[in-house]
Protein chains: 2
Amino acid sequence: MHDLIRQAEALCQRSGMAFTAPRRRVLEILAASETPMKAYDLISKAGEGGQATKPPTVYRALDFLCQLGLVHRIEQDATFVACNHAGHSHPMALFVCNTCLKATEVAYDEVVPILEKAAEVQGFHLTRLVVEGRGQCRDCALAA
Amino acid sequence: MHDLIRQAEALCQRSGMAFTAPRRRVLEILAASETPMKAYDLISKAGEGGQATKPPTVYRALDFLCQLGLVHRIEQDATFVACNHAGHSHPMALFVCNTCLKATEVAYDEVVPILEKAAEVQGFHLTRLVVEGRGQCRDCALAA
DNA sequence: CCTAGTATGTTATTACATAACACTACCTAC
DNA sequence: GTAGGTAGTGTTATGTAATAACATACTAGG
């Protein structure tokens with residue numbers, strides 16, 4: 001799991017950005033979590049042990065990590081998850097299991113041009129795309 | 001614009017659901033709005049004139065209208081928009097213009113099987129799909 | 001040094017959403 | 001017709017998500 005932290009360090013170094021304590025802390029917590037986390041769970045977790053951590057600190061760290069593609073925000077339910085495929089920035093869909101709540105990342109490169117074309121027909125030029133889903137993951141399907 | 005209201009009435013009648021006053025009110029306000037609305041703008045708008053309207057009333061109406069497909073929730077920014085293509089339930093992507101904030105609905109039937117297949121490869125069975133975008137609409141592109 | 005840029009700390013507030021319970025209207029089975 | 005269920009609304013209170021605004025600290029370049 002500490003691969004992610006090392007990747008983050010490297011990524012920041014290359015782009016001349018600071019991988020500061022709160023950013024590291026937030027990423028560590030997310031990387032250790034099996035499931036996507038809500039912001040306020042993250043805030044209280046980050047505050048455990050050391051000094052109290054306030055919302056802006058965590059939200060700023062999250063913004064930073066999201067921009068780097070190390071963390072994704074799941075719009076459906078306002079949760080955050082560490083990215084398994086850090087570094088590169090493939091378009092990735094996030095599918096969340098209704099049972100175990102784990103998130104699965106799925107590449108959707110194929111559909112991007114289709115959606116872009118469908119939008120363009122109506123004169124709409126896409127700059128950002130959000131693809132998310134809900135359903136049942138393999139493990140939970142087998143368990144049932 | 002009152003087409004939508006009439007459609008809603010018909011739809012409710014057919015399914016034996018009540019198209020009550022708060023539901024009608026919320027739908028009217030959304031139908032009259034050029035752009036998607038935030039929940040609390042809706043709440044204060046609904047409260048204008050008559051009696052005060054509280055959050056639960058509006059949220060309940062929104063849940064109801066969303067289930068019927070008469071209204072869509074835009075997850076990216078927690079706004080709500082009346083559906084232009086009411087009644088049927090095609091999968092529809094919502095693309096929001098960064099400039100004028102209007103929402104454009106785009107059918108994405110084609111991409112559903114692709115995403116389903118991509119998910120299935122990882123053993124994930126999709127039950128719900130959210131596709132949203134940001135960008136620039138035709139009018140704003142021409143104006144620029 | 002000192003100052004411009006970047007990031008964090010802190011307080012307060014705004015915005016989004018729902019839990020819980022009381023009440024009403026309507027319908028239907030007896 | 002009346003008891004009891006169902007569906008919906010009204011109301012209070014609270015929980016949860018996110019940011020504004022301003023003060024403070026760290027660091028690199030002149």
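These exercises, each with a worked solution, concern a predicted model of two protein chains and two DNA strands.

Local features need pLDDT of at least 70, side-chain atom pairs count only at pLDDT 80 or more, and totals for chains, interfaces and linings use all residues. Residues are numbered from 1 along each chain as its sequence is written, chains are lettered from A and ligands numbered from 1 in the order in which they are written, and side-chain values use heavy atoms, without hydrogens and water.

**Exercise 1. The symmetry of the protein chains**

Task: Find which operation lays chain A on chain B, and name the C-alpha of chain A nearest the axis.

Solution.
Step 1. Recall the general form. Two copies of a chain are related by a rotation about an axis and a shift along it.
Step 2. Superpose by least squares on the C-alpha atoms of residues with pLDDT of at least 70 in both copies. A turn of 180 degrees and a shift of 0.0 Å along the axis lay chain A on chain B, with an RMSD of 0.1 Å.
Step 3. The two copies are therefore related as by a two-fold rotation axis.
Step 4. Locate the axis. In chain A, the C-alpha of A:Val131 is nearest, 2.4 Å from the axis.
Step 5. Compare the contact surfaces, where contact means heavy atoms within 4.5 Å. Of the contact residues of chain A, 100% recur in chain B, and the same surface serves both copies.

**Exercise 2. The protein interface**

Task: Work out how many residues meet between chain A and chain B, and what area is buried there.

Solution.
Step 1. Count the contacts. Chain A puts 35 residues in contact with 35 residues of chain B.
Step 2. Take the buried area (the accessible area, with a 1.4 Å probe, that two parts lose on being put together, summed over both). Between chain A and chain B this comes to about 2,900 Å². Carbon and sulfur atoms give 61% of that area.
Step 3. Rank the residues of chain A. A:Phe95, A:Gln122 and A:Phe124 lose the most area to chain B. Together they make up 21% of what that side buries.

**Exercise 3. The surface near DNA strand D**

Task: Describe which residues come nearest to DNA strand D, and which elements give two or more residues to the surface near this strand.

Solution.
Step 1. Apply the cut-off: a residue is near a strand if one of its heavy atoms lies within 4 Å of it. There are 17 residues around DNA strand D, and A:Tyr40, A:Tyr59, A:Arg73, B:Thr20 and B:Arg60 come nearest.
Step 2. Sort them by type (Ala, Val, Leu, Ile, Met, Phe, Trp, Tyr, Cys and Pro are nonpolar; Asp, Glu, Lys and Arg are charged; the others, Gly among them, are polar). The surface divides into 9 nonpolar, 3 polar and 5 charged residues.
Step 3. Look at the DNA side. Sugar or phosphate holds 54% of the strand D atoms within 4 Å of the protein, and bases hold the rest.
Step 4. List atom pairs. A polar side-chain atom of A:Tyr40 is 2.7 Å from a base nitrogen of DNA strand D. Side-chain N or O atoms also approach phosphate oxygens of this strand: 2.2 Å for B:Thr20 and 3.3 Å for B:Lys54.
Step 5. Assign elements (helices are DSSP runs of H or I, at least four residues; strands are runs of E, at least two; both are numbered from the N terminus). Helix H3 (39-47) and helix H4 (55-67) of chain A, with helix H2 (21-32) and helix H4 (55-67) of chain B, give two or more residues each.

**Exercise 4. The surface near DNA strand C**

Task: Repeat the analysis for DNA strand C, and find which element gives the largest share of the surface.

Solution.
Step 1. Of 17 residues around DNA strand C, A:Thr20, A:Arg60, B:Lys38, B:Tyr40 and B:Arg73 come nearest. Sugar and phosphate account for 51% of the strand C atoms within 4 Å of the protein.
Step 2. By type, the surface holds 8 nonpolar, 3 polar and 6 charged residues.
Step 3. Side-chain N or O atoms lie 3.2 Å from a phosphate oxygen for A:Gln51 and 3.3 Å for A:Lys54. For B:Tyr40, the partner is a base nitrogen at 2.8 Å.
Step 4. The largest share, 4 residues, comes from H4(B).

**Exercise 5. The setting of A:Thr79**

Task: Decide whether A:Thr79 is buried or exposed, and find its side-chain partner.

Solution.
Step 1. A:Thr79 lies in strand S3 (residues 79-82) of chain A.
Step 2. Buried means under 20% relative accessible area, exposed over 50%, and partly exposed in between (1.4 Å probe, protein chains only). At 7%, A:Thr79 is buried.
Step 3. Its side chain makes a polar contact (a pair of N or O atoms within 3.5 Å; within protein, one able to donate a hydrogen and the other to accept it, and residues adjacent in sequence count only if both atoms are side-chain atoms). The partner is the side chain of A:Asp77, at 3.0 Å.
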